[in-house]
Amino acid sequence: MQHGKYRFIVGFLVVPMALYVIFVIWPFIQSIYYSFTDWTGLSPDFKMVGFDNYAKMLDDDVFWKSLQHSVLLAVLLPLVTLGLALFFAFMLNVGGRRRKGAAVTGVRGSGFYKIAYFFPQVLSIAIVAILFQFAFDPAQGMINGTLKAVGFDDVPTWLGDPDLALWVIMAVLVWCTTGFFVVLFSAGMASIPKDFYEAALLDGASRFTTFFRITLPLLWDTVQSGWVYMGILALGAEGFAIVHIMSVGPGGPDYSTTVLPLYVYQAAFRDGQAGYATTIGVALLIVTLAFAAIVMRVGRRERLEF
Amino acid sequence: MGSTSAHNNEGLGRRDLIKRSAALGLIAVPTMSFLSACASGDSSSDDKVEKGEKTDKNPLAVNGSAPLEIVIFDGGFGTKYAEDAKAVYEKTYPEAKVKFSATQKIQSVLQPRFNGGTPPDLIDNSGAQQMDMGVLVGKKQLTDLTPLLDAPSIDDPAKKVRDTLRPGIVEMGQFDGDPVWIMYYAYTVYGVWYSQTALEKLDATYPETWDDMLALCAKAKKEGIAGWTYPGKHPYYLPFSLYPFIAKIGGVEVLDAIDNLEPKAWEHPAVKAAFEAYYELVAKGYILEGTPGLDHRGSQGAWARGKALFIPNGSWVENEEAAIIPKDFKLSVGAPSGLDSSDKMPFGTIWASGGEPFIVPSKAKNPEGGLEQLRIMLSEASSKSFTTSTKSLSAFNGGTDGIELSDGLKSGVAALEKAGTNVVNPRLQDWYVKLQKEQIGVAALGEMMAGRAKPAETIKKIQAFADATAKDQSIKHFKHQ
């Protein structure tokens, strides 16, 4: 039935497509357009400046530092977070001692752990940042307090130290995102048929082998989407919020924690250079797209059906 | 789970898709012209309210029946003082409908309205989300406040408003010539803040020279008290005492040259001497341990609890830490200690300047109303209401008689009296925010005071930042008149 087919399809698609174009595509085009202007963001008049903003950006040390930190976050954070989450999820679902009546179970108290891991996800990112800011406070913070109590005298200043600050930020990001992936992967693991594990265990497979030969391949799709999601979080909102609230300056000390979205924010809302900010935003868009493309490419595997 | 694939050739083929998206692209190009219309509201519509009749009582020709809109920053000073002044306006012009709102997010709330050409009539453009003044002035978004300054004051019709203000206020509102774009309403005293009680316990008085300062710090260190602390996360508090220190050593011209972004301004010997003096605090271990990781509340808290003697700060600290400053603290402010007798300016040279910048947008519908509201705020009665509710001085010169002043405020008034005409007013922090806070503050001074950079390389770094700012054509540049 070819007659009227297009009209039929278009009829269904026109509303969602229009919404998508107006609220997603259009702002993208707009910001690319503004990146070629000298718009201040504070007055309606501006003019085209060609590639001036791009030339300035390529010559801007702070931009390169932000880019470097953002890429580092996008590479390391998913690795650590997903690694930890996979480990925890495996232990919670499959890693337990064998008990009567069930071939595979989680460690004792796994129900409790599952809830405990998810707690950070319930807290708003701003609250997490502020809590950790108190914890890392060099004078009255919990962490240095503990270190001093167990006998360390020369305690670090954490966020005040350019060599440590970015690692502190990363640790906080890992803390507050791991729980979500534990729950996500647990759900994924629950859908893997138990017979596979039983068969493997009968053949004498170790936990290590069952994880890499059964769990990971069957969970691969979930891991891959988690990977993209986590990378985008690190490049975007979460990375921005934590750095903005916790770091010295923010972005310091001496630009050691600045990230691309923070730089966009500062250029647009502090320096009155909205045009330049959108230019950096375009760079961030390219980095994000490249990240997603690489992950999809590298992670491509034949899909297993079960 | 399973996989799907296109199973016939009747759907939308790949070629068709490419063709169609190309067509879509063609449509998108002409719409670019429409895009520019998005950011620019209709700026030609100049629908201002009619002016009222100019009389002795109404020198600014306010239209008494026209609506007025005020947006106030809701920060450390609260909103009570502004509401009090608004009540006076309403009493004076009973027919006027006054819309009053307060926000902490000045930029988020007002930026779209500036872009749309419909800003309110009076704004307190303050706080972390302050809109960049240089850009607002450069883009002609503000009304010249000269008519207000030349209008008779409310308390004494024989006196112009201009003549009732504290020193420096009018100049601070100027950016590029005669017009005055900003009325700074609060008056802040910057300097070295300390507890008189803590000094008395050490049998000391406030040190007038740097040698005395170092000696006092050494004495305090023996008692387990640090000499100095500062907000390590916001090292741009350090200039509050460092800049007047530079001026004291080398004269106010050095600061002017720095503000004017002159080449080699930072390489002046006075800058070097001041930086080396501060670095000595670091080298001798007189800075409170962990300071580089503390934020402003953290460092102020440690200081208020007596862990450190001195902190570079502004007069708002009294209100901000009111809850934890002990009753017998005897909060005081000191002008920067001098280097030696060869200093160009006398002891007492201090940084004081306006805060809470009020602006009247050029596209406001009722600019006369906005100006009139400022005139009301600059009366003695309104100024007293401000000082009582905020523990801070206002731009109105006087207004402290008959009200009880807190310790910090009293010492601020005394410091201003001692300084006389030796009040300096460095402008980097309102002209070049990024240079002052992020580059000089965090990247240079922060590193030096954490002991990670030497004064010489810090000066070189700052000079490079200043040169880059001077060269950057996308930044509007200003000069001292």
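Biologist: Before we look at how the two domains of chain B meet, what counts as two residues being in contact?

Modeller: Two residues are in contact if their C-beta atoms, placed from the backbone, lie within 7 Å. Keep in mind that this is a predicted model. With that cut-off, 15 residues of domain 1 of chain B are in contact with 16 residues of domain 2 of chain B.

Biologist: Which elements give two or more residues to the domain 1 side?

Modeller: In chain B, they are α5 (133–138), β4 (183–195) and α17 (407–419). The largest share comes from α17(B), with 3 residues. By type, the domain 1 side that touches domain 2 of chain B splits into 4 nonpolar, 8 polar and 3 charged residues.

Biologist: And where do the domains run along chain B?

Modeller: Domain 1 of chain B takes in 68–188 + 354–409, and domain 2 takes in 189–352 + 425–471. Their C-alpha centres lie 30 Å apart.

Biologist: Let's turn to chain A. Which residues does UniProt list under "transmembrane region"?

Modeller: The unreviewed UniProt entry lists residues 7–29, 71–94, 115–136, 164–185, 227–246 and 274–296 of chain A. You can hold such a record against the model. Residues 71–94 of chain A are 96% helix and 0% strand, with end C-alpha atoms 34 Å apart. Residues 274–296 of chain A are 100% helix and 0% strand, and there the end C-alpha atoms lie 32 Å apart.

Biologist: How do I read the sides of a helix? Take α5 of chain A: which of its residues are buried?

Modeller: Count neighbours: a residue is buried if 20 or more other C-beta atoms lie within 10 Å of its own. In α5 (residues 125–135) of chain A, Ile125(A), Val128(A), Ala129(A), Phe132(A) and Gln133(A) are buried. They are on the same side of α5(A) because they cover an arc of only 135° around the axis. Ala126(A) and Phe134(A), on the other side of α5(A), are exposed.

Biologist: What covers the buried residues of α5(A)?

Modeller: The cover includes α4 (110–122), α7 (165–190) and α10 (237–246) of chain A.

Biologist: Last one: how many residues does the largest nonpolar core have?

Modeller: The general idea is that in soluble globular proteins, nonpolar side chains tend to be buried together. Here the largest nonpolar core has 203 residues, and those with the most contacts inside it include Ile169(A), Ile280(A) and Trp228(B). Domain 1 and domain 2 of chain B each give this core at least three residues. Leaving aside neighbours within four places in sequence, Ile169(A) is in contact with Ile242(A), Val243(A), Met246(A), Ser247(A) and Thr257(A).

Notes
Residues are numbered from 1 along each chain as its sequence is written. Chains are lettered from A and ligands numbered from 1 in the order in which they are written. This is a predicted model: local features need pLDDT of at least 70, side-chain atom pairs count only at pLDDT 80 or more; totals for chains, interfaces and linings use all residues. Domain bounds come from an automatic or database domain assignment. Helices (H or I, at least four residues) and strands (E, at least two) are DSSP runs, numbered from the N terminus. Ala, Val, Leu, Ile, Met, Phe, Trp, Tyr, Cys and Pro count as nonpolar, Asp, Glu, Lys and Arg as charged, and the others, Gly among them, as polar. UniProt positions are given in the numbering used here, feature names are shortened, and annotations may be inferred rather than shown by experiment. A residue is buried if 20 or more other C-beta atoms lie within 10 Å of its own, exposed if 12 or fewer, and partly exposed in between; C-beta atoms are placed from the backbone. The arc is that of the directions from the helix axis to the C-beta atoms. A nonpolar core is a set of buried Ala, Val, Leu, Ile, Met, Phe, Trp, Tyr and Cys residues joined through C-beta atoms within 7 Å.
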